[in-house]
Amino acid sequence: MARGSAGNDQLSQLLMSSAWCWLKYASGNTYQERIVFSANGTWSSNKESEIYGSNQYAGTSAHSVGASGAQGQWAVKGGQLYLSDPPETPQLVPVPLQITRNSNGYPIITADGKEYSQCN
């Protein structure tokens, strides 16, 4: 498997067709992640959390905390997605995922217990 090169298979085309977003609301707080798969075999992600607090003087306000980004290599071989996530995982490792469709027919990718949909 060549590092740094994405394939022309259906999974590669799906991954590159759009940025992919995961969004979670919990206890009034927002957690989101956006992942982009590029044709040159690299991926990048941005994660951000908005924690809401309130006080008697300012009312309710959002505070962005935990904003971070990551990047690495990706490839598809035999219908299986492989990712690297340096420095923790510099080599390509398999990532189990499931692809389903929502009620409108749009693809949903489930990986690591998170459901990612195409970003607007």
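Which residue lies over the face of tryptophan 22? In this predicted model, that residue is lysine 114, placed at 4.4 Å from the ring centre.

The description can begin with the two strands at the start of the numbering of strands. Strand β1 covers residues 20-26 and strand β2 covers residues 29-37, and the two run antiparallel, joined by seven bridges. One of the pairings between them sets lysine 24 opposite tyrosine 31 of β2, its bridge partner. Together β1 and β2 form a hairpin with two residues between them, and in the turn serine 27 has a positive phi of about 55°. As a general point, the side chains of a regular strand alternate between the two faces of the sheet.

Strand β1 also takes part in a link of another kind. A search of the whole structure finds one disulfide, and this bond joins cysteine 21 to cysteine 119, with an S to S distance of 1.8 Å. Because cysteine 21 lies in strand β1 while cysteine 119 lies in the segment after β9 (114-118), the pair ties together parts that are 98 residues apart in sequence. The torsion about the S-S bond is about 105°, and the disulfide is therefore right-handed. In general, a disulfide is a covalent bond between the sulfur atoms of two cysteines. The two partners can be set side by side by their exposure.

| Residue | Relative accessible area | Class |
|---|---|---|
| Cysteine 21 | 22% | partly exposed |
| Cysteine 119 | 17% | buried |

The cut-off for buried is under 20% relative accessible area, so cysteine 119, at 17%, counts as buried, whereas cysteine 21, at 22%, is partly exposed.

Turning to the interior, the largest nonpolar core has 15 residues, of which Leu15, Phe37, Trp74, Leu81 and Leu83 touch the most other members. The elements that give two or more residues to this core are the helix α1 (10-16) and the strands β1, β2, β4 (59-77), β5 (80-85) and β8 (107-111).

Two of these core residues meet again as an aromatic pair. A search of the whole structure finds one such pair, formed by phenylalanine 37 and tryptophan 74, whose ring centres are 5.3 Å apart and whose planes stand at 80°, so the pair is edge-to-face. The pair links distant parts of the chain, since phenylalanine 37 belongs to strand β2 and tryptophan 74 to strand β4, 37 residues apart. Both phenylalanine 37 and tryptophan 74 are buried.

Methods: Residues are numbered from 1 along each chain as its sequence is written. This is a predicted model: local features need pLDDT of at least 70, side-chain atom pairs count only at pLDDT 80 or more; totals for chains, interfaces and linings use all residues. Side-chain values use heavy atoms; hydrogens and water are left out. Two strands pair if DSSP finds at least two bridges between them. Helices (H or I, at least four residues) and strands (E, at least two) are DSSP runs, numbered from the N terminus. A disulfide is a pair of cysteine sulfur atoms within 2.5 Å. Buried means under 20% relative accessible area, exposed over 50%, partly exposed in between (1.4 Å probe, protein chains only). A nonpolar core is a set of buried Ala, Val, Leu, Ile, Met, Phe, Trp, Tyr and Cys residues joined through side-chain atoms within 4.5 Å. Rings of Phe, Tyr and Trp (its six-membered ring) pair if their centres lie within 6.5 Å; planes under 30 degrees apart count as stacked, over 60 as edge-to-face and the rest as tilted. A charge sits over a ring if NZ of Lys or CZ of Arg is within 6 Å of the ring centre and within 35 degrees of the ring normal.
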